[in-house]
Amino acid sequence: MARPVTPLLWLLFSAGGTVAALLFPIHAFLFGLAFPLGWLEPPAHDALLGLLRQPLTRLYLLAFICLPLFHWAHRFRYTLYDGLQLKHLFGLVAALCYGTALVLSAVAAYVLWGVS
Amino acid sequence: MCINCLLCYSACPIIGLEPSFIGPAAIALARRYDQDNRDQGAGERLDILSGHDGIWQCTFVGECSEACPKSVDPAGAIQQYKLTGAFDWFRTLLPWGER
Amino acid sequence: MSAPSSYTLHHPKWFRHRVSVFWWLQKRSYTVFVLRELTSVFVALFAAFTLWQIRSAAAGEEAYAGLMARLGTPAFVVLNVVALAFLLFHSITWFNLAPKAMAVRIGGKRVPDLVIAGSNYVAWLVLSAAVAFILLAL
């Protein structure tokens, strides 16, 4: 195969897109609007921290952050190729997109591991 | 039923940007033969279609299916091919997977 | 009969219209497509935002309270409204397109697109309710 890694990247794109489609709107509504604007009672800090400490929550949040990042990386790469016709820079574009996703995923793993 | 009108090629923005892209009608036809249990060429087609000019260039704009006068739905065929292609590729990675 | 007509053979490399960088502005469906693809930017931003939130929460009560106060400012509210709109657009287009990528057959008959899309929406509702329940019951 000419591009053996593309199927994997596409599967990551699909998984990330599904996670984002199913879970991002409710999180965005609650944490972005309802809680800060006081429409709904936000969780107390220590209760939230207690929830964060659970291994299951950490795993959930790891998938929640990392998979959609790879969804963005793959999709944005092709948007740059087709929308802005930057295909000739394919190495740079790919490095920027997947590199950013990898770095942020590593940061997420580090932060989630270190929640005490 | 595809009548080779190539309206899908006119509608596809990727064809406009990347002339060597294999294109909706061809990929839909390839998938049609993959689905046909009298045919044994799936492996050869997979090699070409998963290459540089193949299915991975498609970003599911969907214009090809919109333009098709015969409701062939090439866009759907390509996405289904991506899915089966990706899983087939995974299977080749496994130590017991056959090509 | 008149003289036989001559025509230029088509050859892919001999002449191609240069496609404008703004090809996607020339037709409504292309623009909607690009907007759909740009939802991924807001997906990435929201993932980063969640990371920021987790870090603030882990850093202590004051950091978290500071973040919540910041989110109440008009700039962030506007950003979050726009982000939510794009995220909803992503969800809706994703669920509507999902049945095309999966040809599910039960008992030899193809499951109708509406059922697959519908089950996606149901899953969306159930999961959203579960998340809301967990967070509001804390």
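**Exercise 1. Which residues line the second largest cavity, and which helices supply them?**

Solution. In this predicted model, the lining of the second largest cavity consists of A:Tyr78, A:Thr79, A:Asp82, A:Gly83, B:Thr59, C:Trp23, C:Phe33, C:Val34 and C:Glu37. Reading the chain letters in these names, one finds residues from chain A, from chain B and from chain C around this cavity.

The next step is to pass from residues to elements. Helix H3 (55-83) of chain A and helix H1 (28-59) of chain C each give at least two residues to the lining, and H3(A) provides the largest share, with 4 residues.

The last step is to sort the lining by class, which yields 4 nonpolar, 3 polar and 2 charged residues. The space in this second largest cavity comes to about 50 Å³.

**Exercise 2. Describe the largest cavity by its volume, its lining and the elements around it.**

Solution. Begin with the search of the whole structure, which finds 2 cavities of 30 Å³ or more. The largest cavity has a volume of about 100 Å³.

Turning to its walls, 14 residues line the largest cavity, and those nearest its centre are B:Cys12, B:Cys58, B:Val61, B:Gly62 and B:Cys64. The elements of chain B that contribute two or more residues to this lining are helix H2 (13-17), helix H5 (63-67) and helix H6 (74-93).

Sorted by class, the lining of the largest cavity holds 11 nonpolar, 2 polar and 1 charged residues.

**Exercise 3. Work out how chain A meets chain B, starting from the residues in contact and ending with their classes.**

Solution. First come the residues: the contact takes 13 from chain A and 16 from chain B. Next comes the area, since the surface buried between chain A and chain B is about 1500 Å², with carbon and sulfur atoms giving 72% of it.

The specific contacts are then counted, and between these two chains there are 0 salt bridges, while 1 residue pair, with both residues at pLDDT 80 or more, is in polar contact. On the chain A side, helix H1 (6-34) and H3 each supply at least two of the residues that touch chain B. The largest share of that side, 5 residues, comes from H1(A). By class, the side of chain A that touches chain B has 8 nonpolar, 2 polar and 3 charged residues.

**Exercise 4. Describe the interface of chain A and chain C in the same order, and name the side chains that form its salt bridge.**

Solution. Here 52 residues of chain A are in contact with 51 residues of chain C. The buried area is about 4500 Å², of which 77% is given by carbon and sulfur atoms. Within chain A, the residues that lose the most area to chain C are A:Leu22, A:His45 and A:Arg75, which together make up 15% of what that side buries.

The count between chain A and chain C is 1 salt bridge, and in it the side chains of A:Arg75 and C:Glu37 meet at 3.2 Å, N to O. This links two earlier steps, for A:Arg75 is among the residues of chain A that lose the most area to chain C, and C:Glu37 is one of the residues lining the second largest cavity.

Polar contacts across this interface involve 14 residue pairs, counted where both residues are at pLDDT 80 or more. The elements of chain A that each give at least two residues to the side touching chain C are H1, helix H2 (45-53), H3 and helix H4 (90-113). H1(A) gives the most, with 18 residues. The residues of this side divide into 39 nonpolar, 10 polar and 3 charged.

**Exercise 5. How many salt bridges are counted over all chains, and which parts of chain B does the pair B:Arg45 and B:Asp34 link?**

Solution. Over all chains the count comes to 7 salt bridges. In one of them, the side chains of B:Arg45 and B:Asp34 meet at 2.9 Å, N to O. Placing each partner in its element, one finds B:Arg45 in helix H4 (residues 42-49) and B:Asp34 in helix H3 (residues 24-35) of chain B, so that the pair, 11 residues apart, links distant parts of the chain.

Definitions and conventions
Residues are numbered from 1 along each chain as its sequence is written. Chains are lettered from A and ligands numbered from 1 in the order in which they are written. This is a predicted model: local features need pLDDT of at least 70, side-chain atom pairs count only at pLDDT 80 or more; totals for chains, interfaces and linings use all residues. Side-chain values use heavy atoms; hydrogens and water are left out. On a 1 Å grid over the protein atoms alone, a cavity is a set of points where a 1.4 Å probe fits but cannot get out, and a pocket is an open set with protein on both sides within 12 Å along at least five of seven lines; lining residues have an atom within 4 Å of a point. Grid points are joined across faces, edges and corners, and a volume is the space filled by probe spheres set on the points. Ala, Val, Leu, Ile, Met, Phe, Trp, Tyr, Cys and Pro count as nonpolar, Asp, Glu, Lys and Arg as charged, and the others, Gly among them, as polar. Contact means heavy atoms within 4.5 Å. Buried area is the accessible area (1.4 Å probe) that two parts lose on being put together, summed over both. A salt bridge is a side-chain nitrogen of Lys or Arg within 4 Å of a carboxyl oxygen of Asp or Glu. A polar contact is a pair of N or O atoms within 3.5 Å; within protein, one must be able to donate a hydrogen and the other to accept it, and residues adjacent in sequence count only if both atoms are side-chain atoms.
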